[in-house]
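Please consider the structure shown below, which is a predicted model. The paragraphs that follow proceed from the interior outward to the elements that surround it.

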Amino acid sequence: MSAPWINKGSFAFSLPVCNRLICFCLTFALVGSGFSAFAAEPAAETKASERPMNVLVLYADDWRHDTLGVAGNPIVQTPTLDKLASQGMRFTENCVTTAICGVSRACLFTGQWMASHGCNGFSAFKTPWEQTYPGVLRDNGYYVGHVGKWHNGKFPAEQFDFGRSYYGRHWFEMPDGSKVHVTQRNENDALEFLDSRPKDQPFCLTVAFFATHAEDRSPLQFLPQPESMSLYQDVEIPVPDNANDESFHRLPEFVANEANEGRNRYHWRFDTPEKYQIMMKNYYRLATEVDSTCGRILRELRSQGVLDNTLVIFTTDNGYYHAEHGLADKWYPHQESIRVPLIIRDPRMNKDLHGTTNEDFTLSVDLAPTILSAVGMQTPSSMQGRDLADLYAGDREKSKPWREEFYYEHPTIRDKNFIPRSEALVRKEWKYFYWPEFDREQLFHIATDPHEEKDLANDSAHAAKLQEMRARFKELKDEAATEAKSS
């Protein structure tokens, strides 16, 4: 049922410093006293239960689960997101069901697996717009905005009250001749949305960052803002233990070859120690810039008096290889590729849960039904995910058991030699890979082999486990394509 209030109806530092809404200084003032500006709001006269909840989705790019200070990363500085986690819950086993920009975004909006929404790359998803979370919200009286990356075919500007789509480059030349960084542009547009929105309507804003995605056509790849270049100068970024050719050649031969795009991009970014340090430091600079912009957006919500009546979600579209397995980018079912951060700050959450973590399998397809349920709207039957509030605002004993496994899928991109199709059954202790175009299986015992280096598929001692997981994999694969149609 709908809620009762609803009324139907060239290198970065060579560029000139951009005009900024708030100075992004070398000391990153968010770490200091100014950062606490979004910590809490004075009590409002109107009870939160009597006001429609707003929604803010902070959606970063190519950013894996451990690129957060609060997740234990000893290098990257993410004070805003660390603080957000202290005011909500962080989901440490959150994963995407497809680790690539376009498909994952379709999963976010529709709450469906790729097999159901029909986006097999970067085209428009086939799910009707009125069955997406922005579509449902707008149809039910919300002022709905999207700024930043789209990557699902032509941007449907007519479906948003405030819509601006751009990505692919780190620096843009604006109509007045100035140059602006894509993250600063995200910030400018988000703040404009919040400033200009009708104050008598609830709102939903999705801020779809392009960072930390590389600018693939640039030999420099990661192009942060000039103000960030002092960050990480005097640190050595640790190189993963399996960022080597030995790990690369343990991959199936149709991946472990120089024609594979993951290997090609490894050479762009990581194939010498010097290159690795340059690329990773600039990647982390982009991450800190996103964190800073998130802080400014949250402070604006605080200044408008609506932060404590806003559902805030931070997540990303896919993980990222930092040279593990001798690869770069994402796509395949390894942990580095499929695990992504998720932080939820929900006004309904008991304060005793603030700053806690949850280790259940949560998925990208869960966010759309979570958003709609939070604001009191009926979830379309097409959505295949679950309301995450069951994990932090419901009665776990009364709700149905949470998932302990899930099906992962990824399409072929261009051809099987470029990026082959991959699928998986993912559990916390075991993972089954299937490469359909080569009829190849792999089996990994994650509990003892967290970096997925030892394939046990041909080990007779694990034949029964392989058979069991193969059978369950087929069941979940069928469900991913049929559940939305039969529910």
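Beyond its neighbours within four places in sequence, Y133 is in contact with V57, L108, F109, C204, T206, A368, I371, L372 and M383. Y133 also ranks, with L137 and Y392, among the residues with the most contacts inside the largest nonpolar core, a set of 85 residues. Another core lies apart from that one; it has 54 residues, including F162, F210, I237 and Y283.

Three of the partners of Y133, namely A368, I371 and L372, are listed among the buried residues of helix α10, together with L367, P369, T370 and A374. How many of the 8 residues of helix α10 are buried? In this helix, residues 367-374, the count is 7 of 8, and α10 is therefore largely enclosed by the rest of the structure. The surroundings of its buried residues are formed by strands β1, β9, β12 (342-345) and β14 (362-363) and by helices α2 (101-110) and α4 (133-139), against which they pack. Just after α10, the backbone at G376 adopts a positive phi of about 85 degrees.

V57, another partner of Y133, leads to the sheet, for it stands opposite I313 in β9. Strand β1 (residues 54-60) pairs with strand β9 (residues 310-316) in the parallel sense, over 7 bridges. Both belong to an open sheet of 8 strands with mixed pairing, in the order β5-β4-β8-β1-β9-β12-β2-β13. At its edges are β5 (162-165) and β13 (356-358), each of which pairs on one side only. From one strand to the next, the twist averages 15 degrees.

Two helices may now be placed on this sheet. Helix α5 (residues 182-196) lies across β4 (143-148), β5 and β8 (203-208), and runs at about 175 degrees to β8. Helix α8 (residues 273-303) lies across β1, β8 and β9, and its direction is at about 170 degrees to β1.

Helix α8 also meets another helix. Two packed helices are described by the angle between their axes and the distance between the axes. For α7 (residues 261-269) and α8, the axes come within 8 Å and cross at roughly 90 degrees. Because of that crossing angle, α7 counts as roughly perpendicular to α8. The contact brings H267, W268 and R269 of α7 against K275, Y276 and M279 of α8. By character, the residues of this contact comprise 3 nonpolar, 1 polar and 2 charged.

Note on methods: Residues are numbered from 1 along each chain as its sequence is written. This is a predicted model: local features need pLDDT of at least 70, side-chain atom pairs count only at pLDDT 80 or more; totals for chains, interfaces and linings use all residues. Side-chain values use heavy atoms; hydrogens and water are left out. Two strands pair if DSSP finds at least two bridges between them. Helices (H or I, at least four residues) and strands (E, at least two) are DSSP runs, numbered from the N terminus. Axes are lines fitted to C-alpha atoms, for helices over the stretch in contact, and angles run from 0 to 180 degrees between N-to-C directions. Contact means heavy atoms within 4.5 Å. A nonpolar core is a set of buried Ala, Val, Leu, Ile, Met, Phe, Trp, Tyr and Cys residues joined through side-chain atoms within 4.5 Å. Buried means under 20% relative accessible area, exposed over 50%, partly exposed in between (1.4 Å probe, protein chains only). Angles under 35 degrees count as roughly parallel, over 145 as roughly antiparallel, 65 to 115 as roughly perpendicular and the rest as oblique. Ala, Val, Leu, Ile, Met, Phe, Trp, Tyr, Cys and Pro count as nonpolar, Asp, Glu, Lys and Arg as charged, and the others, Gly among them, as polar.
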